[in-house]
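User: Please take one part of this model and look at it closely. Keep it brisk, and follow its links into the rest of the chain.

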Amino acid sequence: MRFTARLRRFARETRGLAAVEFALIAPMMVFLLFGAVELIDALDVDQRVQNAASSLADVVSRDTEVSNTELNGLWSALDILMYPDSSSSMSACITSISIDSSGTAHTQWHEQHNGFGTCPSNSVSLSSSMLQPNSSLIVAETHYNYTPRLNFVFNGAFQMSHVVYRRSRIVDPIPRVS
């Protein structure tokens, strides 16, 4: 049988066509599936890190004073807020900032959790829209070291960070007691 005849017969053959198509499409589908799973997981964790920062700022901004017992309770609540992930990879900082009559911001107190690093120092720079004279702000910052479960889309761990600002609601500024 000549080569051209064999080639025509091969072109007319339909058995196994689905297997060939599947072999061509399957790697792309697997890549899309694993990529989507990893991306959705990262977005979910990032949302929980942002929710943790917002919750810390919200709870403190509603207080009349902040004690050691309350702070320990807030740090423990991070386990619940980060579930099903562990909060051991999360560090946080809560800062009370007062703004004097001239519109200058000063740190009143700050508390760190889990090796946060450096909380804002004595003088803080804020945008002009936040500098309302004779007021105060609560700033909550969270950092989370995210390690992808699959290492498929994201290569290695990276940090997710969020900063949330809240105005003091009852007492201005909120005192820190022991």
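Analyst: A residue counts as buried when its relative accessible area is under 20%, as exposed when it is over 50%, and as partly exposed in between. The model is predicted. Arg48 has a relative accessible area of 10%, so it is buried.

That makes helix H2 a good place to start. Asp44 and Arg48 join their side chains in a salt bridge, at 2.8 Å from N to O. The two residues are four apart in helix H2, so about one helical turn separates them. Their surroundings can be compared against the cut-offs. Asp44 has a relative accessible area of 38% and is partly exposed, whereas Arg48 is buried at 10%.

Next comes a bridge that leaves the helix. The side chains of Arg169 and Asp58 meet in a salt bridge, 2.8 Å from N to O. Asp58 belongs to helix H2 and Arg169 to the segment after S4, so this pair ties together parts 111 residues apart in sequence. Arg169 is partly exposed, with a relative accessible area of 44%. Some bridges share partners. In this way Asp41, Asp44, Arg48, Asp85 and Arg149 are joined into one network.

One link of that kind starts at Asp41. Its side chain meets that of Arg149 in a salt bridge, at 2.7 Å from N to O. The bridge connects distant parts of the chain: Asp41 sits in helix H2 (residues 17–61), and Arg149 sits in the loop between strand S3 (135–146) and strand S4 (158–167), 108 residues apart. Asp41 is buried, at 16% relative accessible area. Over the whole structure, the search finds seven salt bridges.

Charge is one side of H2; the nonpolar core is another. Why look for such a core at all? In soluble globular proteins, nonpolar side chains tend to be buried together. Here the largest nonpolar core has 25 residues, and Leu56, Val60 and Ile94 have the most contacts inside it. H2, helix H3 (68–81), S1, S3 and S4 each supply at least two of its residues. H2 gives the largest share, eight residues.

Which residues does Ile94 touch, leaving aside neighbours within four places in sequence? Its contacts are Leu56, Val60, Leu71, Leu74, Trp75, Trp109, His110, Glu111, Ile138 and Val139. A further core lies apart from the largest one. This other core has six residues, among them Ile97, Ile99, Leu137 and Val139.

Ile94 leads on to strand S1. In S1 (residues 90–99), 10 of the 10 residues are buried, so the strand is largely enclosed by the rest of the structure. In a regular strand, side chains alternate between the two faces of the sheet. Both faces of S1 are covered. One side carries Met90, Ala92, Ile94, Ser96 and Ser98, the other Ser91, Cys93, Thr95, Ile97 and Ile99, and all are buried.

S1 has strand partners too. With S3 it pairs in the antiparallel sense, over 10 bridges. Ala92 stands opposite Thr142 there. With strand S2 (residues 105–113) the pairing is also antiparallel, over eight bridges. Here Ser96 has Trp109 as its bridge partner. S1 and S2 form a hairpin with five residues between them. In the turn, Gly103 has a positive phi of about 85 degrees.

Now the rings. The structure holds two aromatic pairs. Tyr146 and Phe158 make an edge-to-face pair, with 5.4 Å from centre to centre and 65 degrees between the planes. This pair also links distant parts of the chain, with Tyr146 in strand S3 and Phe158 in strand S4, 12 residues apart. Buried or exposed? Tyr146 is buried, at 1% relative accessible area. Phe158 is partly exposed, at 30%. The other pair is Phe154 and Phe158, which is tilted: 5.3 Å centre to centre and 55 degrees between the planes. Phe154 counts as partly exposed, at 22% relative accessibility. Tyr146, Phe154 and Phe158 are thus linked by ring pairs into a cluster.

Back to H2. Asp41 in this helix reaches the loop between S3 and S4 through Arg149. Asp58 in the helix ties to the segment after S4 through Arg169. And H2 supplies the largest share of the largest nonpolar core.

Conventions: Residues are numbered from 1 along each chain as its sequence is written. This is a predicted model: local features need pLDDT of at least 70, side-chain atom pairs count only at pLDDT 80 or more; totals for chains, interfaces and linings use all residues. Side-chain values use heavy atoms; hydrogens and water are left out. A salt bridge is a side-chain nitrogen of Lys or Arg within 4 Å of a carboxyl oxygen of Asp or Glu. Buried means under 20% relative accessible area, exposed over 50%, partly exposed in between (1.4 Å probe, protein chains only). Two strands pair if DSSP finds at least two bridges between them. Rings of Phe, Tyr and Trp (its six-membered ring) pair if their centres lie within 6.5 Å; planes under 30 degrees apart count as stacked, over 60 as edge-to-face and the rest as tilted. A nonpolar core is a set of buried Ala, Val, Leu, Ile, Met, Phe, Trp, Tyr and Cys residues joined through side-chain atoms within 4.5 Å. Contact means heavy atoms within 4.5 Å.
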